[in-house]
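This report describes selected features of the structure shown below. It deals with aromatic contacts, a sheet and its helices, and the surroundings of one residue.

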Amino acid sequence: MIVNEFIPKPYSHLLENGAVAYSAPSNIALVKYWGKKAHQIPANPSISFTLNNCKTSTTLKFKKKTTDGFSFDVFLEGDLQTDFKPKIEQFFKRIEVYIPFLTAYHFTIETSNTFPHSSGIASSASGMSALALCLVQIEQQLNPTISKEFFNKKASFLARLGSGSACRSIEGDLVVWGAHANIQGSSDLVGIKYPYEVHENFKNYRDTILLVDKGEKQVSSTVGHNLMHNHPFAEPRFAQAHSNMDALMAALKTGDLNAFISIVEREALTLHAMMMSSDPYFILMKPNTLEIINKLWAFRAQTGLHICFTLDAGANVHVLFPDNEAKEIQEFIANELSVHCQNGHFIEDNVGQGAQPIKI
Ligand code: PMV
């Protein structure tokens with residue numbers, strides 16, 4: 001599938017060399033993307049909060065070359081990384097038609113994360129979006145007429161081809177990806193900023209990430225997405241995601257925190273229920289994931305505070321809560337939940353406004 005809108009006209013000249021840099025955040029889905037079609041097209045729409053503190057910063061240096069094919073080196077926190085190369089090579093292959101200068105340069109990709117590499121927090125969303133943004137920034141240097149709107153759209157389009165959920169990491173504070181009948185402008189090809197009114201209750205929403213298991217996941221999300229093909233519950237699940245989007249839109253508008261909690265927790269548990277009922281089946285939650293969920297539910301019942309959880313494709317727990325309840329909830333997390341984290345580690349984050357260029 002070729003999308004002509006993102007194929008640039010031939011450039012009048014190429015720069016000899018240069019460098020660009022971007023920082024891009026991670027995101028946490030409220031309605032989950034799980035299952036995809038060819039060309040990274042999602043099986044259902046999803047919506048996420050863009051995070052603020054968990055980010056990847058990438059500097060992309062480029063230098064004209066005369067050899068054929070792709071040529072690049074990747075450094076993570078200053079160290080040469082060979083294990084990232086196949087994923088980036090595959091990304092370059094997928095986007096070459098949209099970024100024709102990819103074979104004209106040797107690239108040096110220098111990247112660093114604000115969160116520890118071995119935290120179990122996936123860096124693919126922030127990493128792929130930062131790299132996509134750097135590439136579009138080079139394109140903008142070759143063609144300065146590109147508008148801000150097109151810039152973000154193309155960056156999201158490219159990021160999606162690197163890692164699906166990465167297309168939701170360009171802008172803030174709520175991003176929708178995947179066509180939904182009641183969300184104007186929503187698309188399977190790019191993430192868009194949520195276009196409707198959002199109640200004050202959801203401004204500066206908090207996400208404290210409890211690091212339950214910092215190890216490598218036993219089942220990658222690529223494998224997990226593929227297991228949704230022929231999954232006996234796939235069709236009802238995709239339909240449920242559409243209706244959960246509708247219900248979430250209503251809660252976002254009215255500020256109904258209880259409705260928000262029930263949609264978000266149901267989405268998280270449904271995601272894991274899909275994994276547990278795949279063929280082959282698998283479990284990514286750990287005993288401490290369940291300890292945390294049970295304690296969180298008891299605390300919510302006892303205090304009436306609007307604390308809830310969501311999960312991504314791993315054992316870590318994202319604890320979500322409104323800004324005005326932060327003090328009591330943060331105390332509860334530090335005193336009661338952190339004991340279930342590996343080495344007591346957790347990361348306090350909140351909703352952010354998206355990626356930023358870095359001056360170099
Ligand atoms: O972007 P991927 O292929 O790593 O898939 C991410 C899937 C979930 O994090 C589980 C859900 C989501 O919508 O982000």
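At 32% relative accessibility, tyrosine 196 is partly exposed in this predicted model, because the partly exposed class spans the range between 20% and 50%. Tyrosine 194, by contrast, has a relative accessible area of 8% and is buried. A search of the whole structure yields 21 aromatic pairs. One of them joins these tyrosines: the ring centres of tyrosine 194 and tyrosine 196 are 5.7 Å apart and the planes stand at 85°, so the pair is edge-to-face.

A tilted pair is formed by tryptophan 297 and phenylalanine 309, with 6.0 Å from centre to centre and 55° between the planes. Since tryptophan 297 belongs to helix α7 (residues 287-303) and phenylalanine 309 to strand β11 (residues 308-311), this pair ties together parts that are 12 residues apart in sequence. Tryptophan 297 is partly exposed, at 34% relative accessible area, whereas phenylalanine 309 is buried, at 0%. The two pairs are set out below.

| Aromatic pair | Centre distance | Angle between planes | Geometry |
|---|---|---|---|
| Tyrosine 194 and tyrosine 196 | 5.7 Å | 85° | edge-to-face |
| Tryptophan 297 and phenylalanine 309 | 6.0 Å | 55° | tilted |

Aromatic residues also gather in one cluster, made up of Tyr11, Phe62, Phe70, Phe72, Phe91, Phe92, Phe101, Tyr105 and Phe107. Phenylalanine 72, a member of this cluster, has lysine 85 over its face, at 4.8 Å from the ring centre.

Strand β11, which contains phenylalanine 309, is part of an open sheet of four strands. The order is β11-β12-β10-β13, and the pairing is antiparallel. Which strands stand at the edges of the sheet? They are β11 and β13 (346-350); each has a single partner strand, so one side of each is left without a neighbour in the sheet. Direction ignored, neighbouring strands of the sheet are turned against each other by 25° on average.

Within the sheet, β11 and β12 run antiparallel and are joined by four bridges. A hairpin of five residues connects β11 to β12, and threonine 310 stands opposite histidine 318 in β12. From β11, Cys308 and Thr310 point one way while Phe309 and Leu311 point the other way, and all are buried. On its pairing with β10 (residues 206-210), β12 (residues 317-321) forms five bridges in the antiparallel sense. Here threonine 208 stands opposite valine 319 in β12.

Two helices lie across strands of this sheet. Helix α6 (residues 257-276) lies across β11 and β12, and runs at about 30° to β11. Helix α8 (residues 326-337) lies across β10, β12 and β13, at about 155° to β12.

Another helix, α2 (residues 124-142), comprises 19 residues. From its first C-alpha to its last, α2 reaches 27 Å, close to the 27 Å expected at 1.5 Å a residue. Helix α2 is mostly covered, with 16 of its 19 residues buried.

The final site is asparagine 53, which is found in strand β4 (residues 46-64). Asparagine 53 is partly exposed, its relative accessible area being 34%. What is asparagine 53 in contact with, leaving aside its neighbours within four places in sequence? The residues are Thr114, Glu348, Asp349 and Asn350. The C-alpha atoms of asparagine 53 and phenylalanine 115 are separated by 8.3 Å, although these residues are 62 residues apart along the chain.

Key: Residues numbered from 1 in each chain as written. Predicted model: local features only at pLDDT ≥ 70, side-chain atom pairs only at ≥ 80, totals over all residues. Heavy atoms only, no water. Phe/Tyr/Trp six-rings, centres within 6.5 Å; stacked < 30°, edge-to-face > 60°. Buried < 20%, exposed > 50% of the residue type's maximum accessible area, 1.4 Å probe, protein only. Lys NZ or Arg CZ within 6 Å of the ring centre and 35° of its normal. Pairing = 2+ DSSP bridges. Axes fitted to C-alpha atoms, helices over the stretch in contact; angles between N-to-C directions. Contact = heavy atoms within 4.5 Å. Expected span 1.5 Å × (residues − 1).
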